[in-house]
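Welcome, and thanks for taking a look at this one with me. Below are some notes to read beside the structure, set out as numbered points.

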Amino acid sequence: MCFVDKLLFTKLQAAFLPLLSATSPLHLPSVTLTSKTSTNMAEEAKKLAAYAAVDNHVQSNQVVGVGSGSTIVYAVDRLAERVREEKLNIICVPTSFQARQLILQHGLMLSDLDRHPELDIAIDGADEVDADLTLIKGGGGCLTQEKIVASCARHFVVVADYRKASEALGQRWKKGLPVEVVPMAHVPVSRRIVQLFGGRVDLRMALNKAGPVVTDNSNFILDWKFEGSHSWKDVNNGIKMIPGVVETGLFVGMAERAYLGMEDGSVEVRDAPVL
């Protein structure tokens, strides 16, 4: 060390020595480093599930139903990637305005149920998936069109992350079962659901505008906060018989397989029970 460096070091040592020898310890803010935040982990899980479903079920010369929601964004990404790389011939039928925009943005071939009423495969997300692959859908308000498209498909596959997987409906999803209703009927339908099945029914209100949420079909959404376990097939049929109900967010006996992206980077596959 040269003389100038020694002199500088001595001055710095003299300046900081009182701080280091003070009776009160010098506290520095602690920083906790994590490899992934919970949000990043969930997004990666969604991507893994969506990619697995597209890779395992989509082939050339198919008509594919494209669902709605955040996980489907990754499914369309992978679908477009495979179309470019493998030169697949794929026709896409959307379940919502969002799905339609995704299809167009990725340059995929867009169609509808008028031209293609029979689909080879439909891929969609879910708000909750139970052990029997009974689903709650409609958190984004697209339940009716999602159910129509799924019902037209030979195979219906669900993609979701670990936060949506449960053993029984209601364990994970706490916002209630969505029910799409004709606007003029929302009060009598709400009353009748409570009379039949208990719980509480709320009219879903918009976040960034005054008034209720309006679906792509110009209807309202009710959210039924149910209690306990139910026979979901009976609940679905019972609610649909109420005049003014368009559709419920219960998908019973429709999905044949679910791909669930897990926290550890794996993909859990659930198959529907054999009846």
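1. Accessible areas here come from the Shrake-Rupley method with a 1.4 Å probe. By that method the accessible surface of the protein chain comes to about 15100 Å², and 55% of this belongs to carbon and sulfur atoms. Please keep in mind that this is a predicted model.

2. Let's start with the overall make-up. The protein chain has 7 helices and 14 strands. Of its 275 residues, 43% count as buried. Among contacts between residues at least 6 apart in sequence, 73% join residues at least 24 apart.

3. Next, the nonpolar interior. The largest nonpolar core has 26 residues, and Val-66 and Ile-123 are those with the most contacts inside it. Two or more residues each come from the helices and strands α2 (38-57), β1 (62-66), α3 (70-86), β2 (90-94), α4 (97-105), β4 (119-124) and β7 (153-161). Of these, α3 gives the most, with 6 residues.

4. Val-66 is a good place to zoom in. Which residues is Val-66 in contact with, leaving aside its neighbours within four places in sequence? They are Ile-72, Val-76, Cys-92, Val-93, Pro-94, Thr-95, Ala-99, Ile-103 and Ile-123. Ile-123, in this list, is also the residue named with Val-66 for the most contacts inside the core.

5. There is a second, separate core too. This one has 20 residues, including Trp-173, Trp-224, Val-245 and Leu-250. Trp-224 also belongs to an aromatic cluster, which it forms with Phe-197, Phe-226 and Trp-232.

6. That cluster deserves a closer look. A search of the whole structure finds 4 aromatic pairs. In one of them, the rings of Trp-224 and Phe-226 have their centres 5.3 Å apart and their planes at 50°, so the pair is tilted. In another, the centres of the Phe-226 and Trp-232 rings are 4.9 Å apart and the planes are at 70°, so this pair is edge-to-face.

7. Are the residues of these two pairs buried or exposed? Trp-224 and Phe-226 are both buried. Phe-226 has 16% relative accessibility, and because buried means under 20%, it falls in that class. Trp-232 counts as buried as well, at 11% relative accessibility.

8. Finally, have a look at Phe-251, where two lysines lie over the face of the ring. Lys-137 is at 5.5 Å from the ring centre, and Lys-147 is at 5.0 Å from the ring centre.

Note on methods:
Residues are numbered from 1 along each chain as its sequence is written. This is a predicted model: local features need pLDDT of at least 70, side-chain atom pairs count only at pLDDT 80 or more; totals for chains, interfaces and linings use all residues. Side-chain values use heavy atoms; hydrogens and water are left out. Rings of Phe, Tyr and Trp (its six-membered ring) pair if their centres lie within 6.5 Å; planes under 30 degrees apart count as stacked, over 60 as edge-to-face and the rest as tilted. Buried means under 20% relative accessible area, exposed over 50%, partly exposed in between (1.4 Å probe, protein chains only). A charge sits over a ring if NZ of Lys or CZ of Arg is within 6 Å of the ring centre and within 35 degrees of the ring normal. A nonpolar core is a set of buried Ala, Val, Leu, Ile, Met, Phe, Trp, Tyr and Cys residues joined through side-chain atoms within 4.5 Å. Helices (H or I, at least four residues) and strands (E, at least two) are DSSP runs, numbered from the N terminus. Contact means heavy atoms within 4.5 Å.
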